[in-house]
Amino acid sequence: MHPPDAHDRFRPHAVRELAGMFDDVSPSYDLLNRLMSLGQDRAWRAALARAVPAEARLVLDLCTGGGASLSGLRRPGRLVLGMDASLGMLARAAAGHAGPGWAPRLACADAFHLPLRDAALDAVTLAFGMRNLRPRRAALAELARVIRPGGTLAVLEATAPAPGMLRPLHAFFLRRVVAALGRLSPDPSAYVYLGRSIFEFGSGDEFERDLLEAGFGRGASTRFLLGATRLWVTRRRAAAGETRFVPAGDVQNASGWGAGRREMPQAASGREGEWRLWSGAQALVSAALFIALAYGLWVFVNYQDQLPLEPWQRTGMGWLLAGGALVFGARALVLLVRFLGPPPRA
Ligand SMILES: C[S@@+](CC[C@H](N)C(=O)[O-])C[C@H]1O[C@@H](n2cnc3c(N)ncnc32)[C@H](O)[C@@H]1O
């Protein structure tokens, strides 16, 4: 059963309702976000930041929330803007960058009416914000207005379960686990909204069509966590009569989506290859230890009467095998998720 105002959050241009909801959940938002992404969101944000060309001078992180993606965008000579409709979330972003030194410029703004002139931005990043912007085409039209021709749009978003073996597990996670974790938040209904909004967003095909219609090019898309989260990177196409400004060395994203390619065109560095090999090897070792310990536990439970052990030794042995299996099982799972995700930043 959804609270009475839950439906209002899905209305077009429901900026007030959503800003209010995010104001309420802002104190626990980052922690729950980390838990729900199984600790992976940092690596995804790093991939989002890498998608922005180094030459981009003016970059906006739209729907910036608590500003978790902002510092990753920091580069010499670049001005980073963070905009969001929720003052509660922006206050957290400001507190997170309150120290001396570098700081982004923050502003409270509605994504449908950005306080920016046409073609002002070199790049826009959006992390987990796109699915809150309804109607999506109007939001994309506003982004196409403020991004210069040839400028970059990078969108990180959670997607609905795609057909396949893992669909029931993914759907269970979104419907039940997210709602259960949401009980830790000041407004649990926000997490019911979150699960529903991911289903509403879909698996991404419709979003790709909307991007093309809004004037963005065929970009590239990367899947994280077996496709539960995706990163789209695309360029704003130049309209008739517009000049496309392409900075030197700006050669990212030559491949298109929809043609079976799902990886961004990045040179796989030796460091990344080494990292993946090492993570995979560790996951294999942990999985092997888990299997050995689980088998040992099964043998012990079935044949313990035949072993010449004191009762306290029996109990100790049982706990040791069960604890070991649990620890190495969990470790194998975490390493597998890390292995399937993007590599950490240098
Ligand atoms: C799920 S949070 C994502 C926050 C942050 N980008 C992150 O990755 O943690 C979505 C954010 O979108 C903001 N938002 C929703 N509708 C908006 C609108 N129309 N204009 C600007 N921000 C909006 C919310 O206030 C919220 O902070």
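Let's start with two helices. α1 and α3 pack at an angle of about 35°, and their axes are 7 Å apart. From α1, the contact uses Phe-22, Asp-23 and Ser-26. From α3, it uses Leu-87, Gly-88, Met-89 and Arg-92. Sort the residues of this α1 and α3 contact by class, and you get three nonpolar, two polar and two charged. One caution before I go on: this is a predicted model.

Now the sheet. How many strands does it have, and in what order? It is an open sheet of seven strands. Read across it and the order is β3-β2-β1-β4-β5-β7-β6. The pairing is mixed. Look at the two edges. β3, residues 105-108, stands at one, and β6, residues 220-224, at the other. Each has a single partner strand, so one side of each is left without a neighbour in the sheet. From one strand to the next, the twist averages 15°.

Back to α3 for a moment. This helix, residues 87-96, packs on the sheet. It touches β2, residues 79-84, and β3. The direction of α3 makes about 170° with that of β3.

Stay with the β6 edge. Which way do β6 and β7 run relative to each other, parallel or antiparallel? They run antiparallel, and five bridges join them. β7 covers residues 229-235. Here is one bridge pair to find on your screen: Thr-222 has Leu-231 in β7 as its partner.

Next, the ligand. There are 23 residues around it. Which come nearest? Cys-63, Gly-65, Ser-86, Ala-111 and Ala-127 do. Which helix gives the most to this shell? That is α1, residues 15-36, with five residues. By class, the shell holds 13 nonpolar, eight polar and two charged residues.

Two more helix pairs. Take α5, residues 167-182, and α6, residues 189-201. Their axes come within 8 Å and cross at roughly 155°. Why call them roughly antiparallel? The cut-off for that word is over 145 degrees. So α5 counts as roughly antiparallel to α6. The crossing is right-handed. On the α5 side, the contact is made by Leu-174, Arg-175, Val-178, Ala-179, Leu-181 and Gly-182. On the α6 side, the residues include Tyr-191, Leu-194, Ile-198 and Phe-199. The classes in the contact of α5 with α6 are ten nonpolar, two polar and one charged.

Now α4, residues 136-146, and α7, residues 205-213. Their axes come within 9 Å and cross at roughly 45°. That makes α4 oblique to α7. This crossing is right-handed. In α4, Arg-136, Arg-137 and Leu-140 take part. They meet Asp-210, Leu-211 and Glu-213 in α7. The α4 and α7 contact has two nonpolar, no polar and four charged residues.

Last, two backbone details. Where is the cis peptide bond? It runs from Arg-134 to Pro-135, with omega near 0°. Pro-135 sits in the loop between β4, residues 121-127, and α4. The other detail is Ala-119. It has a positive phi of about 55°, although it is not a glycine. You will find Ala-119 in the loop between β3 and β4.

Terms used: Residues numbered from 1 in each chain as written. Predicted model: local features only at pLDDT ≥ 70, side-chain atom pairs only at ≥ 80, totals over all residues. Axes fitted to C-alpha atoms, helices over the stretch in contact; angles between N-to-C directions. Helix = DSSP H or I, 4+ residues; strand = E, 2+ residues; numbered from the N terminus. Parallel < 35°, antiparallel > 145°, perpendicular 65-115°, else oblique. Left-handed = near helix turned anticlockwise from the far one by under 90°. Contact = placed C-beta atoms within 7 Å. Nonpolar A, V, L, I, M, F, W, Y, C, P; charged D, E, K, R; others polar. Near = placed C-beta within 6 Å. Pairing = 2+ DSSP bridges.
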